[in-house]
Amino acid sequence: FGDPTIAKLINNVTAGYNARAYADMLILGNELGLNAVKLAEVLETSSGGSWMGSAFKVLRDDLLDKDVALLRDQLGSLPVVSLAADQDLIGRLEQARALLS
């Protein structure tokens, strides 16, 4: 793949991470007794919102999954994104911000 294709795949994998996080939070909210439609409204208008969340109902899951698989196949694996206690959220945010400086 050339740089434009890699950039496209990385963009779509980022979208996949966002869509997965959104789906997981809707499922978690439901398990905690929240109304999923109302929670979606909160997520779409608050700090947890994203373009993927706003377009969640109409996503082309098959195309998103295809690009995730293409990049995973190219690299052998994809980064695991986690907010588990053993993950350094602030350190990773700072490292990424430094790349933008």
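Begin by selecting Arg-20 and Asp-24, whose side chains meet in a salt bridge with 2.9 Å from N to O; keep in mind throughout that the model in your viewer is a predicted one. Both residues lie in helix 1, where they stand four residues apart, which is about one turn of the helix. If you now colour by accessibility, you will find that Arg-20 is exposed, at a relative accessible area of 56%, whereas Asp-24 counts as partly exposed, at 30% relative accessibility.

The structure holds four salt bridges, and the next one to visit starts from the helix you have already selected. Select Lys-8 together with Asp-67, and you will see a salt bridge in which the closest N and O atoms are 2.7 Å apart. Because Lys-8 lies in helix 1 (residues 3-31) and Asp-67 lies in helix 4 (residues 61-75), this pair ties together parts that are 59 residues apart in sequence. The two partners can also be compared by their surroundings, for Lys-8 is partly exposed, with a relative accessible area of 42%, while Asp-67 is buried, with a relative accessible area of 2%.

Move on to Arg-60 and Asp-62, which form a salt bridge whose closest N and O atoms are 2.9 Å apart. Asp-62 counts as partly exposed here, at 46% relative accessibility.

For the last stop, select Lys-8, Lys-66 and Asp-67 at once, since salt bridges that share partners join these residues into one network.

Definitions and conventions. Residues numbered from 1 in each chain as written. Predicted model: local features only at pLDDT ≥ 70, side-chain atom pairs only at ≥ 80, totals over all residues. Heavy atoms only, no water. Helix = DSSP H or I, 4+ residues; strand = E, 2+ residues; numbered from the N terminus. Buried < 20%, exposed > 50% of the residue type's maximum accessible area, 1.4 Å probe, protein only.
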